[in-house]
Structure formats: structure tokens, C-alpha cells
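Please walk me through this protein step by step, beginning with a single side chain and its surroundings and then moving on to the core and the surface.

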Amino acid sequence: MATVGFTLTFWAWDLIAPLGSWYGDRLSLSSFEQSLLVAIPVLVGSVGRIPAGALTDRYGAKLMFPLVSALTIVPVLLLVVAKDSYGLMLVVAFLLGLGGTTFAIGIPLVNSWFPPAKRGFALGVFGMGMGGVALSGYFTPRIAEHGENLPFVVVAVALAAYAVLAALFVTDRPDRPVPSASLTTRLRDAGRLRVTWELSALYAIGFGGIVAFGVYLPTYLKSWYGLDPTDAGTKAAGFALVTVVFRPIGGWLSDRIHPALVTAVALALVALLAVVQAFDPALNPGGTIALLIMAAGLGTASGSVFALVSQVTPQPQVGSVTGIVGATGGLGGFVPPLVMGAIYSAKDSYSIGFMLLSDLALAGCVYAYGRMRSVRPEGGPAPSAPEVSKVAARRT
């Protein structure tokens, strides 16, 4: 249920991006204005994860999932009436960010139901809900061909149905610890943990890269390679699908190998292929291969980072820490589309943007390998995956 909800709200969160070029032509937007339009939901959804995670710690996912899903229907339907005004579209894009907050609702829910030895894979499966971006990239422009308002109606109906099902079937773990401290206190305590910010930085590269490609790849493929919007959306959906498949793989590997090592290797691949793409290879096959391998690396890193979160974060603080880490990851996806749009407008090239991605990924690789392998959860030594499995076996 958590994965389905995450998928649908992520689809809603990403509704504008696959139609970005359509809005650009309709409203005569510059490259930067179009980038801003698709980036605003990412910003709001990212920042909104902080209170969403803390509220989930306090009130549980059984309340938060159906509530947020139902509220997301409002901006989805407002897209129908705002399409002819750039100012109104920016306001609706702001409200649409609500759909991106469910990440911080599902992580503590899933985390509470699984033993430490299985959390990496379980959280990876939940993370597959980011495939909502792939669904949006593939289906939204195709549905729009049958009616420009039809995608919004379809998603609104799906969200309404899910809100009802979530209210009936989402169940919080009965013995889950419920914090008694205030929201401000819990966020402050989570923010004081050094590991919160270390994981935030790594997640900003991994998941931020996924979000950035998800919202900007259709524009990049259309502007640089001359694809039509439908074809660009299809190829962007393929990129997103690869990230979805590799996220649980990253979690599964992290259950067996230290997640910091998995993260380091994944980010090293991203750094290498970003350099390749910076030299503007032909889309078939060079560019396609480079983009898909980057997708695999970013998906794997996203899964492994949250496997590390589950190892080093006290259960009562998982939602708060997840909110901060998830927010930073989403913010990591807010800046690149703006940077890419600005660079393309100024230099008529995307190469600088890919070189910046390579530099960030390489820095994350070095930090994950050099520092995070020795991270100490709650003041103790960091458990390896086999040690976690042994502890779980003894408890069983």
C-alpha cells in the first residue's frame, strides 16, 4: 500500500514535467522559465518532507497517507484551469509539491515493520514508487493526446481511490514508539545528529540526480537531440524505470555488503558516465548507454543510502531524519534543472552541467568510502550487514 501510494503521488508530483515543452510553447516561455515551472514542485515537495516525516512519527501513516493523497487532488485539478497563465501555473506548481511529501510518510511505516536484516530491500521496494515519474513521463503525454485535461482527471480519480483504500488498509505497527516531544524539538534533535547531514549530502546526489533527470530530461532530449515531446517523454520514462529497478537492488546489496561501499561504487559509475555525456555523444547508442548506466548508478545509490539510514537512526526518529534527508535529496533535484536551463540559455550547451554532476558524484563516492564505512550508530560501532543479520536471527 505504501509503494502504490508513493507511486501515485509521485506521478501527480511530476505531472508538469512531461508537458513542460507544451506549456513552454503555449505560454511562450524561455528555457529558464520552463525550468522554473518544472522545478517548483520539486522544491516544495522536498521541503515539505521535513514536517511530513515528523508528523508521521507523531500521528502515523494510517492518517497521513490518505490525508496527503486526498489533498493532492486539489492542485491536480487546478492544472485544468491554470494552463493559460504562467503566474497561476507557478502557484499550482507550488501546491503540487504536496505530492512529493509522501516519501517521508512511507519510509517510517515500512521501516517499522521489517527487521534490520531486511530493511534495505524492503525500503528499496518502497522506493520503487519513484517509478511514478516513469509512469508520468510515459502516460501523461499520451493521455493528453486524447484530451489536454484528461491526464489531470485520471490522476485525480486514482488519488481519490487510493485515499479510500489507504484509510482502510494502511496499518501502523501497534507497538511503534510515539514521540511525546513537540515537532520543533524532534526536528531539532534529528538535526543535531551528524549522520543526518552526511546522509543528506549523499542522498542529494543520488536521489537529487534522479529527480533532476526526471523533471528535466524530456526538455534536454527535445532541446539537444531534437526529439518530439512524446518520444522525449518515452525515453525519459525508460531512464526513470531503470532507476526504479535498481533502487531495491541497491537495498538488497546493502543487506549483504556495507551500504557505504555500495553507495561509493554506484556514485563512481555516475561520475564516469557523466563525463562521457558531457562530450555530447550521439543519442544512439552512446548517449542512451551513458544515460541508462547513470540511471542504474543513481537508483542503486538511492537504495543504499536509505539502507544506511535504517541502520544508524533510532526508530522513534526515523520519520524526522527521513524528512530531513528526503528534503535534502529533493532539493538536490531542484537546483540542476535551473542550472541546466541557465547554462543552455547562456552557452547553448549542456556539457558544463554534466561535468558538475560528475564532480559531485565523485565527491560523494570518496566521502562514502572514506567516512561512512566507519559511521557509528547511536554512539556505537557501525554494524556490518552480516552482523545485523546475526542480531536479527538471535532476536527471532
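Is arginine 26 buried, partly exposed or exposed? In this model, which is a predicted one, arginine 26 has a relative accessible area of 34% and therefore counts as partly exposed, because that class lies between the limits of under 20% for buried and over 50% for exposed.

Arginine 26 is a useful place to begin, since its side chain meets that of glutamate 148 in a salt bridge, with 3.7 Å from N to O. Glutamate 148 lies in the loop between helix 8 and helix 9, whereas arginine 26 belongs to helix 2, so this pair ties together parts of the chain that are 122 residues apart in sequence. Glutamate 148, like its partner, is partly exposed, and its relative accessibility is 34%. Side chains of opposite charge can pair when their charged atoms come close.

The count of salt bridges in the model comes to eight, and two further examples show how the partners may be placed. Arginine 188 forms a salt bridge with aspartate 189, where the closest N and O atoms are 3.7 Å apart; arginine 188 is partly exposed at 43% relative accessibility, and aspartate 189 is partly exposed at 29%. In the other example, the side chains of glutamate 198 and arginine 194 meet at 2.8 Å, N to O. These two residues are four residues apart in helix 11, which means that about one helical turn separates them. Glutamate 198 is buried, with a relative accessible area of 6%, while arginine 194 is exposed, with a relative accessibility of 53%. Salt bridges that share partners also join Arg26, Lys83, Asp84 and Glu148 into one network, and so the pair discussed at the start appears again as part of this network because arginine 26 and glutamate 148 meet in a salt bridge.

From the charged pairs we can turn to the nonpolar interior. The largest nonpolar core has 110 residues, and those with the most contacts inside it are Ile16, Phe65, Val76, Leu79, Leu199, Phe213 and Met294. Helix 11, which spans residues 194–225, gives the largest share of this core, namely 14 residues. If neighbours within four places in sequence are left aside, leucine 199 is in contact with Val305, Leu308, Val309, Val312, Val325 and Met372.

Nonpolar side chains are also found on the surface. Val74, Leu78, Val81, Val91, Phe94 and Leu95 form a nonpolar patch there, and together they have about 530 Å² of accessible area. Helix 4 and helix 5 are the elements that give two or more residues to the patch. Leucine 95 has its place in helix 5, and with a relative accessible area of 38% this leucine is partly exposed.

Two serines, finally, can be set side by side. Serine 136 is found in helix 8 and counts as buried, at 0% relative accessibility; not counting residues up to four places away in sequence, serine 136 touches Trp11, Asp14, Leu15, Pro18 and Pro141. Serine 28, by contrast, lies in the loop between helix 2 and helix 3 and is exposed, with a relative accessible area of 62%. Leaving aside neighbours within four places in sequence, serine 28 is in contact with Tyr23 and Glu33. Serine 28 and tyrosine 86 are 58 residues apart in sequence, and their C-alpha atoms are 9.5 Å apart in space.

Conventions
Residues numbered from 1 in each chain as written. Predicted model: local features only at pLDDT ≥ 70, side-chain atom pairs only at ≥ 80, totals over all residues. Heavy atoms only, no water. Patch = residues over 30% accessible without salt bridge, like charges linked within 9 Å, V, L, I, M, F, W, Y side chains within 5 Å. Areas by Shrake-Rupley, 256 points an atom, 1.4 Å probe, with all protein chains shown as cover. Salt bridge = Lys/Arg side-chain N within 4 Å of Asp/Glu carboxyl O. Buried < 20%, exposed > 50% of the residue type's maximum accessible area, 1.4 Å probe, protein only. Contact = heavy atoms within 4.5 Å. Core = buried A, V, L, I, M, F, W, Y, C linked by side-chain atoms within 4.5 Å.
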